Amino acid sequence: QVQLVESGGGLVQAGGSLRLSCAASGSIKSINAMGWYRQAPGKQRELVVIISGGSTNYADFVKGRFTISRDNANMMYLQMNSLKPEDTAVYYCHARTVLRPYWGQGTQVTVSS
């Protein structure tokens, strides 16, 4: 089992920045991919960025603005710069093992215009 806990969401004006954190615990060594997804009201959950197999893949809509990082085995961050109102969503930390995916509870990010 893997547990994921996000933090760092909030309200920010357009053009501002936020940093999301994700703390992983449990069977961390079984994780083979980690990343962030988001879900806006009335829309499907979508990939923001994922690290898998040594490579990092960003969605086109965040390239150049968002940066993912991991500082050790259990912490992951998402630095979000130049935020836009359309970035408003619940952001979910995601981890994947060979058996199943795991999700955090989500953290709300609201960008005002």
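I'll start with a charge over a ring: Arg45 lies over the face of Tyr92, 3.7 Å from the ring centre. Keep in mind that this is a predicted model. There is another such arrangement, where Arg100 sits over the face of Tyr102, at 3.9 Å from the ring centre.

Back to Tyr92, and to the aromatic rings. How many aromatic pairs does the structure hold? The count is 2. One of them is Tyr37 with Trp103, an edge-to-face pair with 5.0 Å centre to centre and 75° between the planes. These two residues come from distant parts of the chain: Tyr37 belongs to strand S4, residues 33–39, and Trp103 to strand S10, residues 101–103, which puts them 66 residues apart. Are they buried or exposed? Tyr37 has 18% relative accessibility, so it counts as buried. Trp103 is at 36%, and therefore counts as partly exposed.

Trp103 also pairs with Tyr92. That pair is edge-to-face too, at 6.5 Å centre to centre, with 90° between the planes. Again the pair links distant parts of the chain, with Tyr92 in strand S9, residues 89–96, and Trp103 in strand S10, 11 residues apart. Tyr92 counts as buried because its relative accessibility is 13%, and the cut-off for buried is under 20%. Put together, Tyr37, Tyr92 and Trp103 make up one aromatic cluster. So the ring under Arg45 is a member of that cluster.

Next, the cysteines. The structure has 1 disulfide. Which residues does the disulfide join? The partners are Cys22 and Cys93, with an S to S distance of 2.0 Å. Cys22 is in strand S3 and Cys93 is in strand S9, so the disulfide ties together parts of the chain 71 residues apart in sequence. The torsion about the S-S bond is about -75°, which means the disulfide is left-handed. Both Cys22 and Cys93 are buried. Strand S9, then, holds Cys93 as well as Tyr92 from the aromatic cluster.

Last, one more residue in strand S3. Ser21 is located in that strand, which covers residues 18–26. Is Ser21 buried or exposed? Its relative accessibility is 15%, so Ser21 counts as buried. What does Ser21 touch, leaving out residues up to four places away in sequence? Its contacts are Val5, Glu6, Ser7, Trp36, Met75, Met76 and Tyr77.

To recap: one aromatic cluster of Tyr37, Tyr92 and Trp103, 1 disulfide between Cys22 and Cys93, and a buried Ser21 in strand S3.

Notes: Residues numbered from 1 in each chain as written. Predicted model: local features only at pLDDT ≥ 70, side-chain atom pairs only at ≥ 80, totals over all residues. Heavy atoms only, no water. Helix = DSSP H or I, 4+ residues; strand = E, 2+ residues; numbered from the N terminus. Buried < 20%, exposed > 50% of the residue type's maximum accessible area, 1.4 Å probe, protein only. Contact = heavy atoms within 4.5 Å. Phe/Tyr/Trp six-rings, centres within 6.5 Å; stacked < 30°, edge-to-face > 60°. Lys NZ or Arg CZ within 6 Å of the ring centre and 35° of its normal. Disulfide = S-S within 2.5 Å.
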